[in-house]
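Have the sequence and the model side by side. The walk below starts at a helix and its strands, then turns to the rest of the chain.

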Amino acid sequence: MAHIAIIGAGAVGLSVAYRATQRGHSVTGIDRHPARCDGCLVGNAGLVVPSHFAQRPELDFGLVQAGLLMLCQTKHTLAGDARTAEQARALGLPAEALNAAETAARVPHVTMKIAGSVYFP
Ligand SMILES: Cc1cc2nc3c(=O)[nH]c(=O)nc-3n(C[C@H](O)[C@H](O)[C@H](O)COP(=O)(O)OP(=O)(O)OC[C@H]3O[C@@H](n4cnc5c(N)ncnc54)[C@H](O)[C@@H]3O)c2cc1C
């Protein structure tokens, strides 16, 4: 078994460390600012988005698959996200652009003023 040095203790480095220790290797993690914690993970919103999600039945952590609703405050962002939805559909991923009324009918508890949304089931 090897002793592995992993430089950068963010989500990627820690995931690699986790897998490596599972396989019996020992690991030393090295981070430039371990106390400051200024990597991407600090701002991470915790979204598990469809493009990242792989079907892993062995990982049972109580995930409820209710889809993802991207709320757009302006017509400009809605137009951009609607284009993303079109591209997703072209790749076989279901995605639906909704105007404000359609969003309210689907998800009544959204209180912020929006131009619309894109729903990924
Ligand atoms: C505001 C924000 C919100 C986000 N929300 C989501 C989300 O909801 N869902 C989602 O899936 N993704 C989200 N992301 C993206 C996700 O957080 C990142 O893709 C992921 O955390 C990147 O992990 P990483 O390990 O590659 O990088 P980081 O978490 O940035 O870790 C890199 C680490 O390497 C260290 N490092 C860098 N250079 C060196 C060096 N030379 N020597 C030693 N150490 C070094 C840094 O200090 C840092 O700790 C978000 C990102 C941001 C910024």
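Helix H2 (residues 75-90) lies across E3, E4 and E5 and runs at about 20° to E5. Helices (H or I, at least four residues) and strands (E, at least two) are DSSP runs, numbered from the N terminus. Axes are lines fitted to C-alpha atoms, for helices over the stretch in contact, and angles run from 0 to 180 degrees between N-to-C directions.

This is a predicted model: local features need pLDDT of at least 70, side-chain atom pairs count only at pLDDT 80 or more, and totals for chains, interfaces and linings use all residues. Residues are numbered from 1 along each chain as its sequence is written. The pLDDT is the predictor's confidence in each residue, from 0 to 100. The chain averages 86, and 83% of the residues score at least 70. Among the elements of the chain, E1 has the highest mean pLDDT (97) and E3 the lowest (90).

Now take the strands beside H2. They form an open sheet of three, in the order E3-E5-E4, with antiparallel pairing. Two strands pair if DSSP finds at least two bridges between them. Strand E3 (68-72) and strand E4 (96-99) stand at the edges; each has a single partner strand, so one side of each is left without a neighbour in the sheet. From one strand to the next, the twist averages 20°. Four bridges join E4 to the antiparallel strand E5 (residues 116-120). Asn99 stands opposite Gly116 in E5.

What makes up the largest nonpolar core? Its five residues are Ala85, Ala95, Ala97, Leu98 and Val118. A nonpolar core is a set of buried Ala, Val, Leu, Ile, Met, Phe, Trp, Tyr and Cys residues joined through C-beta atoms within 7 Å. A residue is buried if 20 or more other C-beta atoms lie within 10 Å of its own, exposed if 12 or fewer, and partly exposed in between; C-beta atoms are placed from the backbone. Leaving aside neighbours within four places in sequence, Leu98 is in contact (C-beta atoms within 7 Å) with Thr103, Arg106, Gly116, Ser117 and Tyr119.

Turn to E1 (residues 3-7). This strand is hardly covered: zero of its five residues are buried. Five bridges join E1 to the parallel strand E2 (residues 26-30). Ile6 has Gly29 as its bridge partner in E2. Val12 sits in helix H1 (residues 11-22). Val12 is partly exposed because 13 other C-beta atoms lie within 10 Å. The C-alpha atoms of Val12 and Leu41 are separated by 9.9 Å, at 29 residues apart along the chain.

Key. Two residues are in contact if their C-beta atoms, placed from the backbone, lie within 7 Å.
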